[in-house]
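Reader: I should like to go through this model with attention to packing, pairing and backbone geometry. Please show the sequence and the structure before we begin.

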Amino acid sequence: MEKLRRPGLRRLGLTAAGAVAVAALVAAVGVGRADPGVRYDTQPEALAFGKEMYDFQTVEQMTATSHLVVFGTVTSVEPGRLASADEDPAAVGGDIRLRTVTINQYEVLHNPKNLIIPPSITLEEEGWDEEGRGYISNNVAWSAVGDTGYFFLRRAVGTSNPYTYQLASSDGRPLVVDGALRPSNAENELATSITTMAPSFLNNTVVAASGQVAAGTLTESMPTAELPQPPEESGE
């Protein structure tokens, strides 16, 4: 895949992309709910990189900073809403099309506000640029139907649906593959720690960290980048 970085910090309110790089289109198909006349890649053809809001060193830190952690499986993926690319004036801007990922959660491991969580929740991830060209943000592969694992989530910015989330970071989707954990961003330092854990150990680590959050002995990490926050955090 082609790699490219643009100047400036891309402010999407997602895990963060600082740039969009695209290669030649592969076979593409028209997509429902998308813009008329825009044809969207069926597979990503480029990698986008940028500064993330959080840099977690431990699973405990990632748990404490998440609004929700669930163990679940992806049941559907489809094109979602447009998100504005509020970039540095020096950068090339444009709208992006998000991917709407439905997760059927088997178990809620961390829910600090004790909200009623429905059986299915929505994860938004970056997918296409304004020309319909597919890209992956910060090494996190597109979600696929059947993906099963742990999802560390924060409420999404730009939507009023309280059950729409984004990954807490590019480390926030360890999948269970053949009985082992597959980190979502193998390039990060936390991935090394995650790959040494059995799924049951990660599960217990999250539950224990959630208990520490409830007891007030573990607090969320400070952001490393000033990106948009959900209304609850910016207004309370």
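Reader: Are Phe-71 and Tyr-150 buried or exposed?
Author: The model is predicted, and the assignment is computed from its atoms. A residue counts as buried under 20% relative accessible area. Phe-71 falls in that class, and so does Tyr-150: both are buried.

Reader: How many aromatic pairs are there, and at what angle are the planes of the Phe-71 and Tyr-150 rings?
Author: The count comes to five aromatic pairs. For Phe-71 and Tyr-150 the ring centres are 4.9 Å apart, and the pair is classed as tilted because its planes stand at 50°. The pair links distant parts of the chain, with Phe-71 in strand S5 and Tyr-150 in strand S9, 79 residues apart. The angle asked for is 50°.

Reader: Which residue in S9 does Phe-71 stand opposite, and how many bridges join S5 to S9?
Author: Strand S5 covers residues 68-83 and runs antiparallel to S9. Within this pairing, Phe-71 stands opposite Tyr-150. The number of bridges joining S5 to S9 is six.

Reader: Which residue in S10 stands opposite Leu-153?
Author: S9 also pairs with strand S10, residues 164-167, in the antiparallel sense over three bridges. Opposite Leu-153 stands Leu-167.

Reader: Why is strand S9 described as largely enclosed by the rest of the structure?
Author: Strand S9 consists of eight residues, 148-155. It is described as largely enclosed because the number of its residues that are buried is seven.

Reader: Which residues of the largest nonpolar core touch the most other members?
Author: In soluble globular proteins, nonpolar side chains tend to be buried together. Here the largest nonpolar core has 17 residues, and helix H1 (59-65), S5, S9, helix H2 (189-195) and helix H3 (199-215) each supply at least two of them. Another core, of 14 residues, lies apart from it and includes Leu-68, Ile-117, Phe-151 and Leu-153. In the largest core, the residues that touch the most other members are Val-59, Tyr-150, Phe-152, Leu-202 and Val-206.

Reader: With which residues is Val-59 in contact, leaving aside neighbours within four places in sequence?
Author: Contact here means heavy atoms within 4.5 Å. With those neighbours left aside, the partners of Val-59 are Phe-152, Leu-190, Ile-194, Met-197, Leu-202, Thr-205 and Val-206.

Reader: What is the length of the polar contact between the side chains of Ser-170 and Glu-52?
Author: Ser-170 is found in the loop between S10 and strand S11 (175-177). Its relative accessibility is 1%, so Ser-170 counts as buried. The polar contact between its side chain and that of Glu-52 has a length of 2.6 Å.

Reader: What is the relative accessible area of Asn-139, and what is that of Asp-178?
Author: Most residues other than glycine have a negative phi, and most peptide bonds are trans. Asn-139, in the loop between strand S8 (136-137) and S9, has a positive phi near 70°, and Asp-178, in the loop between S11 and strand S12 (180-182), has a positive phi near 55°. Asn-139 is partly exposed, at 25%. Asp-178 is exposed, at 81%.

Reader: What percentage of the residues in the chain is buried?
Author: The chain has four helices and twelve strands. Of its contacts with a separation of 6 or more, 71% are between residues 24 or more positions apart. Among the 236 residues in the chain, the buried portion is 50%.

Methods: Residues numbered from 1 in each chain as written. Predicted model: local features only at pLDDT ≥ 70, side-chain atom pairs only at ≥ 80, totals over all residues. Heavy atoms only, no water. Buried < 20%, exposed > 50% of the residue type's maximum accessible area, 1.4 Å probe, protein only. Helix = DSSP H or I, 4+ residues; strand = E, 2+ residues; numbered from the N terminus. Pairing = 2+ DSSP bridges. Core = buried A, V, L, I, M, F, W, Y, C linked by side-chain atoms within 4.5 Å. Polar contact = N/O pair within 3.5 Å; in protein donor to acceptor, adjacent residues only side chain to side chain. Phe/Tyr/Trp six-rings, centres within 6.5 Å; stacked < 30°, edge-to-face > 60°.
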